[in-house]
Amino acid sequence: MSILDMTAVELAAAIKNKEVTVTEATEAVLAQIEASESKYHCYVTVDKEGALKQAAEVQNKIDSGELTGPLAGVPVAIKDNMCTEGLLTTCSSKILYNFVPTFSSEAVLNLQKAGAVILGKTNMDEFAMGSTTETSAFGVTKNPWNPEHVPGGSSGGSAAAVAANECFYALGSDTGGSIRQPASFCGVVGLKPTYGTVSRYGLIAYGSSLDQIGPLCKDVTDCATIMEVIASHDTKDSTSVERNDTDFTSALVDDVKGMRIGIPRDYFGEGLDPEVKDAVLKAAQVLKDKGAIVEEFDLSLVAYAIPTYYTIAAAEASSNLERFDGIKYGYRTEEYEGLHNMYKKSRSEGFGAEVKRRIMLGSFVLSSGYYDAYYLKALRVKALIKKAFDEAFAKYDVILGPVAPTTAPKLGESLSDPIKMYLGDIYTISINLAGLPGLSIPCGVDADGLPIGLQLIGDCFNEKKLIQTAYAYEKERGAFGRKEDK
């Protein structure tokens, strides 16, 4: 097995056993980036010099016994909306084209404490607004399974980097499916944890009540191991939750006997691609054959999820993005007349079309006369969606369904029709509105050879049930990856 074919946990074990050094692993992945980055464009910034320096420092700590964890020495990629001290952080937007933070996000610090080597920052939809990684100001990321197709979004750069062996694992953020959907499109594992499990400190906000950081990786073992490292209570994040059940690797058990799995009929209606439907139901049958109790049920309010999500997310985005004004940092227009004109021109020139669309929508739903009609109503529906999930989890341990209605669309198809792009989030956004954990795991490929993702949804703080279910399915499914990697 070559270094690049190893999972993160396998590589860390090889480093610990002195079969490979941290520098060798880092050089191997940097060479892979150099070879394939022009084809896929997974990164905004690659920090070659910094990565090699970190590799040497981490190797010394491993040799001295200071670092003994299961991820020590493993190179990682970070989505470009997480602050990294001394390293360009752009949110893939022109308005932050030159922003270099003076601090690192808590999730990144946790990885560094565990001995991670940071390779660079991955491409994304601008300010995480998009489902294809085509709204980036720095160019489009392409799907390693077929470069004519999108990798998904907004964490498309992170998912594509894992799929293309341009990192061993990556961090993404998920506001309405932005980890799970690109994981599905790129044939990797992605987990959106329960809201508050991973600190949002240093994550540049899109929708503060919805955003959550999580891992994109090669298999379920890596997923559980990474979660143990990044999950932590953080006093710097007022929404951070103190948990004593973050031993996620304890759930790596190949046993689903007696587990109750619910399949929402609402997720299998009109608009779902037949190949996606077949692959997801076959995966459900695998779990049933292993002893799980699988049954269909009605999950209400699915039709209201998209308008509710886009009302709340756009409202929060319009508030969060007020800070980018051309005064303190980032892009400032060169020619202007007075302060207000500078604000207008800097923001008009600095933000892309999709970001402007969501800022305007958010400002509208928060405006006097429309607040009650739209934003307040959306908050009430959000509470009803959470109640519907609570009722479902009174009966089921896990909810199973597709991640997206289709496999990865071709480049350019989605941006021409924003409403169609928004509708592609129908199976993922409810989970963010309810603050629940959701996991995407590959369950097959379509006739064009593009990956299909299976989504597992759990009740709050029940990531372990998702990990156990996914692990049991993965054991039955066997290895999964691009043919050129095999």
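Helices and strands are here DSSP runs numbered from the N terminus, a helix having at least four residues and a strand at least two, and in this predicted model Phe 127 falls in the loop between β3 and α5.

**Exercise 1. The loop between β3 and α5**

Determine whether Phe 127 and Ala 128 are buried or exposed, and state what is notable about the phi of each.

Solution. Begin with the cut-off, by which a residue is buried under 20% relative accessible area and exposed over 50%. Phe 127 has a relative accessibility of 2%, and therefore counts as buried. Ala 128 also lies in the loop between β3 and α5, and because its relative accessibility is 4%, Ala 128 counts as buried. Turning to the backbone, the phi of Phe 127 is near 50°, while that of Ala 128 is near 65°. Most residues other than glycine have a negative phi. The value for Phe 127 is positive although the residue is not glycine, and the value for Ala 128 is likewise positive in a residue other than glycine.

**Exercise 2. A side-chain contact and a peptide bond**

Which backbone atom does the side chain of Thr 133 reach, and which two residues are joined by a cis peptide bond?

Solution. Thr 133 is placed in the loop between β3 (117–122) and α5 (156–163), and its 0% relative accessibility means that it counts as buried. Its side chain reaches the backbone oxygen of Gly 152 at 2.6 Å. The cis peptide bond joins Gly 153 and Ser 154, with omega at about 5°, and Ser 154 is itself in the loop between β3 and α5. Most peptide bonds are trans.

**Exercise 3. The partners of strand β6**

Describe how β4 and β5 are joined to β6, and how far β6 is covered.

Solution. Strand β4 (residues 169–174) runs antiparallel to β6 and is joined to it by 5 bridges, with Leu 171 standing opposite Pro 215 in β6. Strand β5 (residues 189–192) is also antiparallel to β6, through 2 bridges, and here Val 189 stands opposite Cys 217. As for β6 itself (residues 212–217), 6 of its 6 residues are buried, so that the strand is mostly covered.

**Exercise 4. The span of helix α9**

Find the expected span of α9 (residues 302–320) and compare it with the distance between its end C-alpha atoms.

Solution. The expected span is 1.5 Å times one less than the number of residues. For the 19 residues of α9 this gives 27 Å, and because the end C-alpha atoms are 27 Å apart, the two values agree. The helix is mostly covered, with 15 of its 19 residues buried.

Note on methods
Residues numbered from 1 in each chain as written. Predicted model: local features only at pLDDT ≥ 70, side-chain atom pairs only at ≥ 80, totals over all residues. Heavy atoms only, no water. Buried < 20%, exposed > 50% of the residue type's maximum accessible area, 1.4 Å probe, protein only. Pairing = 2+ DSSP bridges. Polar contact = N/O pair within 3.5 Å; in protein donor to acceptor, adjacent residues only side chain to side chain.
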